[in-house]
Amino acid sequence: MGSEILSQQGFQVLGITDGAEFPQALQSFSPDLVLVDVCLPAVSGYQILEQLKADPARRHIKVVLLVGPADPFDPAHAARSGADAILRKPLEPSAVRHTLQPLLAPPPANPLERAVQLALRDPGPRLDPERVSAAVVFAVESALPAFLDELTRRVLESLSQDPSKPHAR
């Protein structure tokens, strides 16, 4: 079902049914995203996730864990292992699209915006002051034009309502 949904939305899909097949599949297929069942024969979805995130050449690959209604699932384990998202079965096309769209979006061209994304996604065991500073600067720079427009509008509105001001007449 998941392969059908993704194929219909224009994605190239490679399906495997056994976790032991995954390393061989990576030899001929370089995915941007992997959807993996938490319960696969031989090698679990958690193990595949951990292998990908531990490999410097492949840790950029987004991993979405698929969880069936009866599958044993530990959200904390998924987060610690580096899961980028979780999808619950049965899969609904709109939920698949909503979950995958942000994961497959191109990285921002602006280096500052990229730094902010990285800072907010994974602060690590301690906060990096440079990453936090970049996020704050980006947030302020992004909000400043709208704030100044609103402030100017309110000042002008306030001044035009005060009959004691010479320019309001």
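Start by selecting Ile61, in the loop between H3 and S2. Leave out anything up to four places away in sequence, and Ile61 touches Pro31, Asp32, Leu33, Val34, Leu52, Lys53 and Asp84. Keep in mind while you look around that this is a predicted model. Is Ile61 buried or exposed? With a relative accessible area of 3%, Ile61 is buried. Now add Pro31 to the selection: Ile61 and Pro31 are 30 residues apart in sequence, yet their C-alpha atoms are 6.9 Å apart in space.

**Zoom out for a moment**

Show the whole chain as a cartoon. You should find seven helices and three strands. Going from the N terminus, the order of elements is α-α-β-α-β-α-β-α-α-α. The chain has 169 residues, and 25% of them count as buried. Looking at contacts between residues at least 6 apart in sequence, 45% join residues at least 24 apart.

**Strand S1**

Next, select residues 33-37, which form strand S1. Four of the five residues here are buried, so to speak of S1 as mostly covered is fair. Its partner is S2, residues 62-67; the two strands run parallel and five bridges join them. To see how they line up, pick Val34 and look across to Val63 in S2, which stands opposite. Leu33 in turn stands opposite Lys62 of S2.

**Strand S2**

Stay with residues 62-67 and colour S2 on its own. How many of the residues of S2 are buried? Six of the six are, so S2 is largely enclosed by the rest of the structure. Turn the view to check each face: Lys62, Val64 and Leu66 are on one side, Val63, Leu65 and Val67 are on the other, and both sides are covered.

**Over to S3**

Select residues 85-88 to bring up strand S3, which runs parallel to S2 and is joined to it by four bridges. For a landmark, take Leu65, which stands opposite Ile86 in S3. Follow the backbone between these two strands: the chain crosses from S2 through H4 to S3 in a right-handed β-α-β crossover.

**Helix H3**

There is another such unit to trace. S1, helix H3 (residues 45-54) and S2 make a right-handed β-α-β unit. Select H3 and highlight Gly45, Tyr46, Ile48, Leu49, Leu52 and Lys53, which are buried. Why do they line one face of the helix? Look down the axis of H3: its buried residues fall within an arc of 160 degrees, so they line one face. What do the buried residues of H3 pack against? Show helix H2 (22-28), S1, S2 and H4, and you have the elements they pack against.

**Helix H4: two residues to click**

Move on to residues 75-81, helix H4, and pick His77. At 23% relative accessibility, His77 counts as partly exposed. Beyond residues up to four places away in sequence, His77 touches Tyr46 and Glu50. The C-alpha atoms of His77 and Tyr46 are 8.1 Å apart, although 31 residues separate the pair in sequence.

Now click Ser81, also placed in H4. Ser81 has a relative accessible area of 9%, so it is buried. Show side chains here and draw a distance to Glu50: the side chains of Ser81 and Glu50 make a polar contact at 2.8 Å. Setting aside neighbours within four places in sequence, Ser81 is in contact with Leu49, Glu50 and Lys53.

**Last stop: helix H5**

Finish with residues 93-104, helix H5. What span should its 12 residues have? At 1.5 Å a residue they should span 16 Å, and the end C-alpha atoms are 16 Å apart, which agrees. Then pick out Val96, Thr99, Leu100 and Leu103, the buried residues in H5. They cover an arc of only 85 degrees around the axis, which puts them on the same side of H5. Rotate to the face turned away from that buried side, and you come to the exposed residues His98, Gln101 and Pro102.

Terms used:
Residues numbered from 1 in each chain as written. Predicted model: local features only at pLDDT ≥ 70, side-chain atom pairs only at ≥ 80, totals over all residues. Heavy atoms only, no water. Expected span 1.5 Å × (residues − 1). Buried < 20%, exposed > 50% of the residue type's maximum accessible area, 1.4 Å probe, protein only. Arc of directions from axis to C-beta. Contact = heavy atoms within 4.5 Å. Polar contact = N/O pair within 3.5 Å; in protein donor to acceptor, adjacent residues only side chain to side chain. Pairing = 2+ DSSP bridges. Right-handed = clockwise from strand over helix to strand, strands pointing away.
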